[in-house]
Amino acid sequence: MNKQALIVQGGWDGHQPAEVAELLAGVLRGEGFEVKVSDTLDSFKDAALMASLDLIVPIWTMGTIEQEQLKPLLETVQAGCGLAGCHGGMSDAFRQEVDYQYMVGGQWVAHPGNDGVRYDVEMVDADDPLTSGIGTIEVASEKYYMHVDPAINVHAITRFGETEMPVVWTKGWGAGRVYHCTLGHQANIVEMPQVLELMRRGMLWAAEGKQASREAAAGTAQEETR
(Lines give C-alpha, C1' and ligand atoms only; values in the text may rest on other atoms or scores of the structure.)
Protein backbone atom coordinates (compact mmCIF):
# COMPACT_ATOMS: atom_id res chain seq x y z
CA MET A 1 0.00 0.00 0.00
CA ASN A 2 1.26 3.43 -0.91
CA LYS A 3 2.18 5.84 1.85
CA GLN A 4 -0.45 8.49 2.61
CA ALA A 5 0.30 12.21 2.89
CA LEU A 6 -1.83 15.21 3.80
CA ILE A 7 -0.84 18.73 2.76
CA VAL A 8 -2.86 21.47 4.41
CA GLN A 9 -2.33 24.86 2.75
CA GLY A 10 -3.62 28.32 3.51
CA GLY A 11 -3.09 31.37 5.67
CA TRP A 12 -1.23 34.42 4.39
CA ASP A 13 -1.12 34.45 0.58
CA GLY A 14 2.27 36.18 0.52
CA HIS A 15 4.00 32.84 1.07
CA GLN A 16 2.21 31.37 -1.97
CA PRO A 17 0.80 28.37 -0.10
CA ALA A 18 -1.07 26.91 -3.08
CA GLU A 19 2.03 27.05 -5.30
CA VAL A 20 4.27 25.52 -2.63
CA ALA A 21 1.67 22.81 -1.96
CA GLU A 22 1.65 21.93 -5.65
CA LEU A 23 5.45 21.65 -5.71
CA LEU A 24 5.67 19.41 -2.65
CA ALA A 25 2.70 17.30 -3.68
CA GLY A 26 4.44 16.67 -6.99
CA VAL A 27 7.58 15.51 -5.20
CA LEU A 28 5.62 13.13 -2.99
CA ARG A 29 3.57 11.71 -5.84
CA GLY A 30 6.81 11.12 -7.70
CA GLU A 31 7.87 8.99 -4.74
CA GLY A 32 4.69 6.93 -4.88
CA PHE A 33 2.67 8.69 -2.18
CA GLU A 34 -1.06 9.17 -2.33
CA VAL A 35 -1.46 12.88 -1.52
CA LYS A 36 -4.50 14.77 -0.31
CA VAL A 37 -4.22 18.56 -0.56
CA SER A 38 -6.64 20.42 1.69
CA ASP A 39 -7.38 24.10 2.22
CA THR A 40 -9.03 23.68 5.61
CA LEU A 41 -7.63 23.02 9.08
CA ASP A 42 -10.76 20.98 9.72
CA SER A 43 -8.96 18.14 7.92
CA PHE A 44 -7.17 17.56 11.23
CA LYS A 45 -10.56 16.71 12.78
CA ASP A 46 -11.13 13.79 10.38
CA ALA A 47 -10.16 10.87 12.61
CA ALA A 48 -10.16 8.25 9.86
CA LEU A 49 -8.00 10.41 7.61
CA MET A 50 -5.53 11.23 10.37
CA ALA A 51 -5.19 7.58 11.38
CA SER A 52 -4.31 6.64 7.79
CA LEU A 53 -1.48 9.14 7.36
CA ASP A 54 2.27 8.58 7.18
CA LEU A 55 3.07 12.26 6.65
CA ILE A 56 1.57 15.69 7.28
CA VAL A 57 2.97 18.77 5.50
CA PRO A 58 1.59 22.03 6.95
CA ILE A 59 1.75 25.03 4.63
CA TRP A 60 -0.26 27.53 6.67
CA THR A 61 1.26 30.90 7.53
CA MET A 62 0.18 32.78 10.64
CA GLY A 63 -3.54 32.40 11.20
CA THR A 64 -5.22 30.70 14.11
CA ILE A 65 -5.99 27.08 14.85
CA GLU A 66 -8.76 25.89 17.14
CA GLN A 67 -7.99 23.41 19.89
CA GLU A 68 -10.25 20.80 18.28
CA GLN A 69 -8.02 21.09 15.17
CA LEU A 70 -4.67 21.32 16.95
CA LYS A 71 -5.16 18.49 19.44
CA PRO A 72 -5.57 15.72 16.82
CA LEU A 73 -2.59 17.12 14.89
CA LEU A 74 -0.36 16.93 17.96
CA GLU A 75 -1.65 13.47 18.85
CA THR A 76 -1.31 12.08 15.33
CA VAL A 77 2.35 13.08 15.10
CA GLN A 78 2.99 11.85 18.63
CA ALA A 79 1.56 8.47 17.62
CA GLY A 80 4.07 8.11 14.77
CA CYS A 81 2.95 10.14 11.75
CA GLY A 82 5.71 12.28 10.25
CA LEU A 83 5.62 16.08 10.08
CA ALA A 84 7.69 17.99 7.52
CA GLY A 85 7.68 21.46 6.07
CA CYS A 86 9.44 24.70 5.27
CA HIS A 87 9.31 28.28 6.47
CA GLY A 88 6.27 29.41 4.55
CA GLY A 89 3.74 27.60 6.66
CA MET A 90 5.41 25.51 9.35
CA SER A 91 7.67 27.69 11.50
CA ASP A 92 5.61 30.87 11.02
CA ALA A 93 2.20 29.46 11.88
CA PHE A 94 -0.24 29.77 14.76
CA ARG A 95 1.96 32.21 16.67
CA GLN A 96 -0.06 31.93 19.87
CA GLU A 97 0.12 28.13 20.05
CA VAL A 98 3.15 27.16 22.11
CA ASP A 99 2.35 23.43 21.94
CA TYR A 100 2.54 23.63 18.15
CA GLN A 101 5.88 25.44 18.37
CA TYR A 102 7.13 22.84 20.84
CA MET A 103 6.32 20.09 18.34
CA VAL A 104 7.92 21.92 15.39
CA GLY A 105 11.10 22.75 17.32
CA GLY A 106 11.38 26.39 16.40
CA GLN A 107 9.62 29.63 15.54
CA TRP A 108 10.51 32.48 13.22
CA VAL A 109 11.09 35.80 15.01
CA ALA A 110 12.88 38.10 12.51
CA HIS A 111 14.29 38.49 9.00
CA PRO A 112 16.73 41.42 9.19
CA GLY A 113 16.98 43.18 5.84
CA ASN A 114 13.71 41.66 4.63
CA ASP A 115 13.61 39.98 1.22
CA GLY A 116 16.57 39.83 -1.17
CA VAL A 117 19.32 39.30 1.41
CA ARG A 118 22.16 37.24 -0.05
CA TYR A 119 23.54 34.56 2.24
CA ASP A 120 24.91 31.03 2.32
CA VAL A 121 23.42 27.92 3.90
CA GLU A 122 26.06 25.41 4.96
CA MET A 123 25.57 21.70 5.55
CA VAL A 124 26.80 20.58 8.98
CA ASP A 125 27.92 17.03 8.09
CA ALA A 126 28.98 16.02 4.59
CA ASP A 127 28.12 12.38 5.35
CA ASP A 128 24.62 13.05 6.68
CA PRO A 129 22.14 11.21 4.40
CA LEU A 130 19.71 14.12 4.68
CA THR A 131 22.28 16.59 3.30
CA SER A 132 25.11 14.66 1.60
CA GLY A 133 25.99 16.03 -1.82
CA ILE A 134 23.86 19.16 -1.38
CA GLY A 135 26.77 21.52 -0.81
CA THR A 136 26.54 25.16 0.17
CA ILE A 137 23.34 26.84 -0.99
CA GLU A 138 23.56 30.47 -2.11
CA VAL A 139 20.25 32.17 -1.45
CA ALA A 140 18.77 35.61 -2.16
CA SER A 141 15.71 35.68 0.06
CA GLU A 142 14.63 36.46 3.58
CA LYS A 143 17.22 35.34 6.13
CA TYR A 144 15.51 33.89 9.16
CA TYR A 145 16.44 34.42 12.76
CA MET A 146 14.81 31.62 14.72
CA HIS A 147 14.02 30.79 18.30
CA VAL A 148 14.73 27.07 18.50
CA ASP A 149 14.43 24.11 20.83
CA PRO A 150 17.94 23.27 22.12
CA ALA A 151 17.09 19.58 21.69
CA ILE A 152 16.81 19.71 17.89
CA ASN A 153 19.32 17.92 15.64
CA VAL A 154 20.81 20.55 13.32
CA HIS A 155 21.68 19.54 9.74
CA ALA A 156 22.29 22.91 8.07
CA ILE A 157 23.05 26.41 9.28
CA THR A 158 23.48 30.01 8.21
CA ARG A 159 25.38 32.67 10.11
CA PHE A 160 24.43 35.89 11.86
CA GLY A 161 27.89 37.17 12.71
CA GLU A 162 29.35 34.54 15.03
CA THR A 163 25.95 32.96 15.67
CA GLU A 164 25.25 29.70 13.88
CA MET A 165 21.52 29.74 13.08
CA PRO A 166 19.77 26.43 12.32
CA VAL A 167 18.23 26.20 8.86
CA VAL A 168 17.49 22.47 8.62
CA TRP A 169 16.69 20.42 11.69
CA THR A 170 15.03 17.22 12.86
CA LYS A 171 13.53 16.16 16.16
CA GLY A 172 11.18 13.63 17.65
CA TRP A 173 7.65 14.22 18.90
CA GLY A 174 6.63 11.08 20.72
CA ALA A 175 6.92 8.32 18.13
CA GLY A 176 6.76 10.83 15.26
CA ARG A 177 9.59 12.32 13.23
CA VAL A 178 9.68 16.07 12.62
CA TYR A 179 11.69 17.67 9.79
CA HIS A 180 11.96 21.38 9.11
CA CYS A 181 13.77 23.57 6.59
CA THR A 182 13.50 27.31 7.19
CA LEU A 183 14.13 28.09 3.52
CA GLY A 184 10.91 28.64 1.63
CA HIS A 185 9.71 32.23 1.67
CA GLN A 186 7.98 31.64 -1.66
CA ALA A 187 7.72 28.99 -4.34
CA ASN A 188 10.78 30.23 -6.24
CA ILE A 189 12.95 29.35 -3.24
CA VAL A 190 11.31 25.97 -2.61
CA GLU A 191 11.79 24.97 -6.25
CA MET A 192 15.55 25.65 -6.20
CA PRO A 193 17.04 22.20 -6.95
CA GLN A 194 19.05 21.99 -3.72
CA VAL A 195 16.13 23.15 -1.58
CA LEU A 196 13.64 20.83 -3.27
CA GLU A 197 16.05 17.93 -2.76
CA LEU A 198 16.36 18.80 0.93
CA MET A 199 12.59 18.79 1.17
CA ARG A 200 12.31 15.49 -0.69
CA ARG A 201 14.75 13.77 1.63
CA GLY A 202 13.22 15.33 4.72
CA MET A 203 9.67 14.37 3.82
CA LEU A 204 10.68 10.79 3.05
CA TRP A 205 12.63 10.54 6.31
CA ALA A 206 9.71 11.86 8.36
CA ALA A 207 7.25 9.53 6.64
CA GLU A 208 9.35 6.48 7.50
CA GLY A 209 8.84 7.07 11.21
CA LYS A 210 5.40 5.48 11.48
CA GLN A 211 6.55 2.12 10.15
CA ALA A 212 9.77 2.32 12.17
CA SER A 213 7.82 2.91 15.38
CA ARG A 214 5.54 -0.04 14.61
CA GLU A 215 8.51 -2.31 14.02
CA ALA A 216 10.14 -1.12 17.23
CA ALA A 217 6.95 -1.75 19.18
CA ALA A 218 6.60 -5.21 17.65
CA GLY A 219 10.19 -6.01 18.58
CA THR A 220 9.60 -4.87 22.16
CA ALA A 221 6.46 -7.01 22.38
CA GLN A 222 8.36 -10.07 21.16
CA GLU A 223 11.06 -9.50 23.73
CA GLU A 224 8.49 -9.23 26.50
CA THR A 225 6.86 -12.55 25.54
CA ARG A 226 10.13 -14.48 25.70
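What percentage of the 226 residues of the protein count as buried? In this predicted model, the share of buried residues is 53%.

The overall dimensions come next. The C-alpha trace spans about 55 × 40 × 35 Å along its principal axes. A compact globule with 226 residues would have a radius of gyration near 17 Å, and the protein, at 17 Å, agrees with that expectation. Its secondary structure consists of 7 helices and 11 strands. Among contacts with a sequence separation of 6 or more, 70% join residues that lie 24 or more positions apart.

The surface and the charges can be described briefly. About 10,300 Å² of the protein is exposed, and 48% of this area is supplied by carbon and sulfur atoms. The protein carries 16 positive and 32 negative charges, and the mean positions of these two sets are 4 Å apart.

One of the charged residues can be followed in detail. Lys 171 belongs to strand E10, which covers residues 163-173. Is Lys 171 buried or exposed? Its relative accessible area is 8%, and the limit for a buried residue is under 20%, so Lys 171 counts as buried.

The surroundings of Lys 171 include a polar partner: its side chain makes a polar contact with the side chain of Asp 149, at 3.3 Å. Leaving aside residues up to four places away in sequence, Lys 171 touches Tyr 102, Met 103, Val 104 and Gly 105, as well as Asp 149 and Ile 152. Gly 176, Arg 177, Val 178 and Trp 205 are also touched by Lys 171.

Methods. Residues are numbered from 1 along each chain as its sequence is written. This is a predicted model: local features need pLDDT of at least 70, side-chain atom pairs count only at pLDDT 80 or more; totals for chains, interfaces and linings use all residues. Side-chain values use heavy atoms; hydrogens and water are left out. Helices (H or I, at least four residues) and strands (E, at least two) are DSSP runs, numbered from the N terminus. The radius of gyration is taken over C-alpha atoms; the globule rule is 2.2 Å times the number of residues to the power 0.38. Buried means under 20% relative accessible area, exposed over 50%, partly exposed in between (1.4 Å probe, protein chains only). Contact means heavy atoms within 4.5 Å. Accessible areas come from the Shrake-Rupley method with a 1.4 Å probe; for residues, only the protein chains shown count as cover. Lys and Arg count as positive and Asp and Glu as negative; His and the chain ends are not counted. The place of a charge is taken as NZ of Lys, CZ of Arg, CG of Asp or CD of Glu. A polar contact is a pair of N or O atoms within 3.5 Å; within protein, one must be able to donate a hydrogen and the other to accept it, and residues adjacent in sequence count only if both atoms are side-chain atoms.
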